[in-house]
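Q: Please take a close look at a single strand of this model and at the way it is placed among its neighbours. A connected account would be preferred to a list.

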Amino acid sequence: MDTLLAGPLLRRTQSDHLCLWMATSRPVQWRLCLYPDQQATQYHSLQNHCQELKAARNFYIYLVSLPLKSHL
């Protein structure tokens with residue numbers, strides 16, 4: 001069974017903030033890596049920025065609202 005069912009889908013982006021969502025078949029923990037042009041790679045733990053919604057037995061929706069320390 002595939003874990004990732006949909007996404008990640010970008011809902012909104014600003015130079016200092018990202019909002020996205022994903023759907024999975026089981027609970028997961030996320031880490032996001034961003035690769036901005038001519039800048040160092042940015043690693044973000046989403047533990048404090050992610051809301052998990054259990055929609056069905058094998059269907060979880062993750063809503064992410066991530067403030068960024070440096071602009072994209």
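A: The account below concerns strand β2, its partner strands and the aromatic pair that involves one of them. The model is a predicted one.

Strand β2 covers residues 17-24. Seven of its eight residues are buried, so β2 is largely enclosed by the rest of the structure.

Two strands pair with β2. One is β1, residues 4-14, which runs antiparallel to β2 and is joined to it by seven bridges. β1 and β2 make up a hairpin, with two residues between them. In this pairing, Gln-14 lies opposite His-17 of β2. The other partner is β6, also antiparallel to β2, and here the bridges number eight. Within this second pairing, Leu-20 faces Val-64 of β6.

Strand β6, which comprises residues 59-67, also carries Tyr-62. Tyr-62 has a relative accessibility of 2% and is therefore classed as buried, the cut-off being under 20%. Tyr-62 belongs to the one aromatic pair found in a search of the whole structure. Its partner is Trp-30: the ring centres are 5.8 Å apart and the planes stand at 75°, so the arrangement is edge-to-face. Trp-30 sits in the loop between β2 and β3 (31-34), and the pair thus links distant parts of the chain, 32 residues apart. Unlike the buried Tyr-62, Trp-30 is partly exposed, with a relative accessible area of 23%.

How values were computed: Residues are numbered from 1 along each chain as its sequence is written. This is a predicted model: local features need pLDDT of at least 70, side-chain atom pairs count only at pLDDT 80 or more; totals for chains, interfaces and linings use all residues. Side-chain values use heavy atoms; hydrogens and water are left out. Rings of Phe, Tyr and Trp (its six-membered ring) pair if their centres lie within 6.5 Å; planes under 30 degrees apart count as stacked, over 60 as edge-to-face and the rest as tilted. Helices (H or I, at least four residues) and strands (E, at least two) are DSSP runs, numbered from the N terminus. Buried means under 20% relative accessible area, exposed over 50%, partly exposed in between (1.4 Å probe, protein chains only). Two strands pair if DSSP finds at least two bridges between them.
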